[in-house]
Amino acid sequence: MKKLKIADGIHMLTMNVDNILFEGMWELANGVTLNSYIVQGDKTAIIDGVIGWDGVPETLYKSLEEIGVDPQSIDYLIVNHMEPDHSGWISNFRKIKDDFTIICTDKASKMVTSFYGEDRIRTVKEGDALDLGQGKVLSFHPVPNVHWPDTMYTYDRDIKTLFSCDMFGTFGRMGDHSFDDELTPEEVAFFESEGIRYYSNVMATFTPSVKKAIEKAQTMDISIIAPGHGPVYRKNPRKIIDDYIRFTRYAEGAGKDEVTILWGSMYGMTGKAVDYVEGILQREGVKHNKLEMPLESDSEMVATVLRSAGIIIAAPTYEYKLFPPVAAALNELGRKRITGKAAFRFGSYGWSGGAERELAEIMERNKMNWDFIESVEFEGAPKEEDFARIEAGVLELIEKMKAKVI
Ligand code: FEO
């Protein structure tokens, strides 16, 4: 666990977590940090937990003591968000310290009680404040559904620090550099990429609520953004706000100037056409990503599709429907409300079609509103005329996606 001073009276504790499935399902290729913040006036508050998944280790107490905080002096636990990556240590903390008050929204309060049996809770509403003394006044600002209904910002009026919990977070483990002004260009690119992974895996379903939370942040006078995951932004907090604005646009159909081929093939017939399409994209100088399903992790798949302006779905008919691993991927993208992408599908069939019908059903059921070029289906292996139709489709997609590139 690392301890860092953010400003006078504000410290961060941070730890990297690897080898977990985030939310029990997202494989994290590059880990994640859990950040917690200690604010000290005459009284002391700890904002969100950093304790990992299984209790309060000795290292926490040692870390607190090293920054001059006696764990017994903690008066308030501010729970910006009840998800157990931030709150899972409360019951263990209660075992050794019985007189702290939990501060959270009304919606979080119900869950703090149902998950941990806690009842010493002060619920807060928009603009409520907590004076810790010595000029440290914290105010509370609900931002519901980013990504649970309970979520709120905590704002330190003294240093103008926004403790944003999941909002403005990223995946990715931190090395020696934890502040934006310390990051190398490679680390900036890494956290931008991990931010997209995080946004797509955790936040994308709630894009309308994220937009409201961004709007609220933009009404506040912010010098530092201190999230629950990823780096602290003290030099240019605007950067992560602008990144998040871009991510919301990715979820609504915009993307980087790249094409993702989401594909699967039973016996290589559709695969031959994928190889052909790769050659076209290379010839046209279009960056592309290949995601073979079901071999790709959902975490990587959702992130890559989210950031791409153009999507090619290459999948055959299987038992009168769309090849199941690709259908499952599209359903996941639908659950994540990734809408409005420019798209083109092709695929092989044997004795019957049916893939197109299921593709339309998935789009309709999830209200995905993807903008499709006319699909190309071919019987068995692709022939010369099929390759020609596929090439025309790919070139049309490249034209169509230009309007979506940001
Ligand atoms: Fe970082 Fe929604 O938990």
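**Why the terms fit: questions about a predicted model**

Reader: How do you know what radius of gyration a compact globule with 406 residues would have, and what does the protein have?
Author: The rule is 2.2 Å times the number of residues to the power 0.38, and the radius of gyration is taken over C-alpha atoms. For 406 residues this puts a compact globule near 22 Å, and the protein has 24 Å, which agrees. Along the principal axes, its C-alpha atoms fill a box of roughly 80 × 40 × 35 Å.

Reader: What should I know about the model before we go on?
Author: It is a predicted model, where local features need pLDDT of at least 70, side-chain atom pairs count only at pLDDT 80 or more, and totals for chains, interfaces and linings use all residues. Residues are numbered from 1 along each chain as its sequence is written, and side-chain values use heavy atoms, with hydrogens and water left out.

Reader: How many helices and strands are there, and what makes a stretch count as one?
Author: The protein has 12 helices and 21 strands. Both are DSSP runs numbered from the N terminus: a helix is H or I with at least four residues, and a strand is E with at least two.

Reader: What makes Tyr 318 partly exposed?
Author: Buried means under 20% relative accessible area and exposed means over 50%, with partly exposed in between (1.4 Å probe, protein chains only). Tyr 318 has 30%, so it counts as partly exposed. This residue is found in strand 18 (residues 317–318). Of the 406 residues in the protein, 58% are buried.

Reader: Which residues does Tyr 318 touch, and what counts as touching?
Author: Contact means heavy atoms within 4.5 Å. Not counting residues up to four places away in sequence, Tyr 318 touches Met 266, Phe 323 and Pro 324.

Reader: How do you know that the span of helix 12 is as expected?
Author: The expected span is 1.5 Å times one less than the number of residues. For the 18 residues of helix 12 that gives 26 Å, and its end C-alpha atoms are 26 Å apart, so the two agree.

Reader: Where around helix 12 do its buried residues lie?
Author: The buried residues are Asp 386, Ile 390, Glu 391, Gly 393, Val 394, Leu 397, Ile 398 and Met 401. They cover an arc of only 165° around the axis, so they sit on the same side of helix 12. The arc is that of the directions from the helix axis to the C-beta atoms. The face turned away from this buried side carries the exposed residues Glu 384 and Glu 385. Helix 8 is one of the elements that cover the buried residues of helix 12.

Reader: Why are the buried residues of helix 8 said to line one face?
Author: They are Thr 270, Gly 271, Ala 273, Val 274, Val 277, Glu 278, Ile 280 and Leu 281. Seen down the axis, they fall within an arc of 165°, so they line one face of helix 8. They pack against several elements, including strand 15 (256–263), strand 20 (342–349) and helix 12 (384–401).

Reader: What makes the pair Asp 106 and Lys 110 a salt bridge?
Author: A salt bridge needs a side-chain nitrogen of Lys or Arg within 4 Å of a carboxyl oxygen of Asp or Glu. In this pair the closest N and O atoms are 3.0 Å apart, which meets the cut-off. The two residues are four apart in helix 4 (residues 106–116), so about one helical turn separates them. Asp 106 is partly exposed at 44% relative accessibility, and Lys 110 is exposed at 54%. The structure holds 30 salt bridges.

Reader: Which of Glu 332 and Arg 335 is buried and which is exposed?
Author: Glu 332 counts as buried at 11% relative accessibility, whereas Arg 335 counts as exposed at 56%. They form a salt bridge, with the closest N and O atoms 4.0 Å apart. In helix 10 (residues 324–335) they are three residues apart, about one helical turn.

Reader: Why is Asp 156 described as having no salt bridge?
Author: The nearest side chain of opposite charge, Lys 136, is 4.7 Å away, and a salt bridge has to be within 4 Å, so this pair does not count. Here Lys and Arg count as positive and Asp and Glu as negative, while His and the chain ends are not counted. Asp 156 is buried and lies in strand 12 (residues 152–156). Its contacts beyond four places in sequence include Ile 10, Lys 136 and Phe 163.
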